[in-house]
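Thank you all for coming. I would like to walk slowly through one structure today, beginning with the chain as a whole and then stopping at a few places in it.

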Amino acid sequence: MKKMIAGVAGLVMAMGVQAQTGLWDSGKPAQPVTFGVRAGMNVATVGGDEDDAKSKIGFFGGLGVDFNIVNSLSINSGLFFTQKGCKTDDIDMDIEGYPMDANARFTMNFIELPVYLSYRLPLNLESSLQAFFGPYFDYGVYGKATADVKFKGELHGEKVSQSMDLFDDDYDFKRFHVGLGLGAAYTWSRFSVGLSYQWGMTEVVADAESYWNNFNISVGYNF
């Protein structure tokens with residue numbers, strides 16, 4: 001009990017020190033809700049059992065919304081179009097006695113809703129730093145896979161290309177995904193630059209134990 005009381009007292013003292021040093025501002029925000037546009041680049045890959053999968057560059061963009069609770073705390077959300085994918089290069093395969101090299105590209109497009117808790121640290125009157133963490137929710141609107149196969153052996157030199165819709169009922173790719181995001185952003189005046197990383201918690205394909213991981217670089221403008 002003494003340790004618990006001491007821990008709570010230490011936390012209260014630390015919060016008091018933060019308030020005095022300007023690390024925490026519980027004042028009322030000038031704008032309860034802030035809107036902005038965000039756009040940037042994704043570097044996504046599949047984590048889990050897919051050891052052969054390599055990262056693939058995509059893009060994202062959309063409307064961001066900050067619900068400002070106090071000056072130092074807000075909830076970051078919005079709606080974004082985001083593109084994730086992966087690729088494999090020169091994978092040796094043998095199907096029914098036919099050796100071949102295979103290349104594949106997977107691209108999945110989502111509508112994303114993040115719900116991030118954000119801490120804001122003002123640097124001066126014009127700029128601030130933000131750190132955020134929380135869940136995100138993706139819904140797949142279109143997914144495409146393209147495979148190029150080059151045969152060896154008896155069929156040496158023969159090539160076959162094929163594409164398919166990943167969200168077709170014939171496949172087990174999941175439309176709905178949930179994950180966690182962590183990141184930071186620097187804001188100057190109305191402009192912002194951010195970095196974030198997302199860990200997928202929903203399988204890309206049913207029973208495959210593979211998940212989307214995504215590194216993101218963004219720029220934005222707040223209205």
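The chain exposes about 13,300 Å² of surface, and 63% of that is supplied by carbon and sulfur atoms. Please keep in mind throughout that what you see is a predicted model.

Let me begin with the overall layout. The chain contains 1 helix and 10 strands, and if you read along the sequence you meet them in the pattern α-β-β-β-β-β-β-β-β-β-β. Of the 223 residues in the chain, 35% are buried. When we take the contacts with a separation of 6 or more, 63% of them are between residues 24 or more positions apart, and several of the places I will show you are examples of parts that are distant in sequence but meet in space.

The first stop concerns charges. As a general point, side chains of opposite charge can pair when their charged atoms come close. How many salt bridges does the structure hold? There are 2 of them, and I will take them in turn.

In one of them, K84 pairs with E112, and the closest N and O atoms are 3.7 Å apart. K84 belongs to strand β3, residues 73-95, while E112 belongs to strand β4, residues 98-114, so this salt bridge ties together parts that are 28 residues apart in sequence. In the other, D138 forms a salt bridge with K84, and here the closest N and O atoms are 2.8 Å apart. Since D138 lies in strand β6, residues 127-151, and K84 in strand β3, this pair ties together parts that are 54 residues apart in sequence. Because the salt bridges share partners, K84, E112 and D138 are joined into one network.

Are these three residues buried or exposed? K84 has 2% relative accessibility and counts as buried, E112 counts as buried as well, at 7%, and D138 is buried with a relative accessible area of 2%.

Let us stay with strand β3 a little longer and look at F81, which is also placed there. At 28% relative accessibility, F81 counts as partly exposed, because the buried class ends at 20% and the exposed class begins over 50%. Its C-alpha atom is separated by 4.8 Å from that of I111, although the two residues are 30 apart along the chain. If we leave aside the neighbours within four places in sequence, F81 is in contact with F59, F60, G61, N109, F110, I111 and V141.

Now we move to strand β6, where I have picked out two residues, S128 and G134. S128 is buried, with a relative accessible area of 9%, and beyond its neighbours within four places in sequence it is in contact with R120, L121, P122, L123, A185, Y186 and T187. G134 counts as buried too, at 5% relative accessibility. Which residues does G134 touch, once neighbours within four places in sequence are left aside? They are V115, Y116, G179, L180 and G181. The C-alpha atoms of G134 and L117 are separated by 6.0 Å, with their positions 17 residues apart along the chain.

From the strands we turn to the loops. K28 sits in the loop between α1, residues 2-21, and β1, residues 33-48, and with a relative accessible area of 76% it is exposed. Even so, K28 and V70, which are 42 residues apart in sequence, are 5.3 Å apart in space when we go from C-alpha to C-alpha.

Another loop, the one between β7 (159-165) and β8 (176-188), holds D170. D170 is exposed, with a relative accessible area of 66%, and together with D165, D168 and D169 it forms a negative surface patch.

The last stop is S189, in the loop between β8 and β9, where β9 covers residues 191-203. Most residues other than glycine have a negative phi. S189 is not a glycine, and yet it has a positive phi of about 55°. S189 is partly exposed, with a relative accessible area of 36%.

To close, I would ask you to look once more at K84, E112 and D138, the one network joined by salt bridges that share partners, and then at D165, D168, D169 and D170, which form the negative patch on the surface. Thank you for listening.

How values were computed: Residues are numbered from 1 along each chain as its sequence is written. This is a predicted model: local features need pLDDT of at least 70, side-chain atom pairs count only at pLDDT 80 or more; totals for chains, interfaces and linings use all residues. Side-chain values use heavy atoms; hydrogens and water are left out. A salt bridge is a side-chain nitrogen of Lys or Arg within 4 Å of a carboxyl oxygen of Asp or Glu. Helices (H or I, at least four residues) and strands (E, at least two) are DSSP runs, numbered from the N terminus. Buried means under 20% relative accessible area, exposed over 50%, partly exposed in between (1.4 Å probe, protein chains only). Contact means heavy atoms within 4.5 Å. Patches are made of residues with over 30% relative accessible area and no salt bridge: like charges are joined within 9 Å, nonpolar side chains (Val, Leu, Ile, Met, Phe, Trp, Tyr) within 5 Å. Accessible areas come from the Shrake-Rupley method with a 1.4 Å probe; for residues, only the protein chains shown count as cover. Lys and Arg count as positive and Asp and Glu as negative; His and the chain ends are not counted. The place of a charge is taken as NZ of Lys, CZ of Arg, CG of Asp or CD of Glu.
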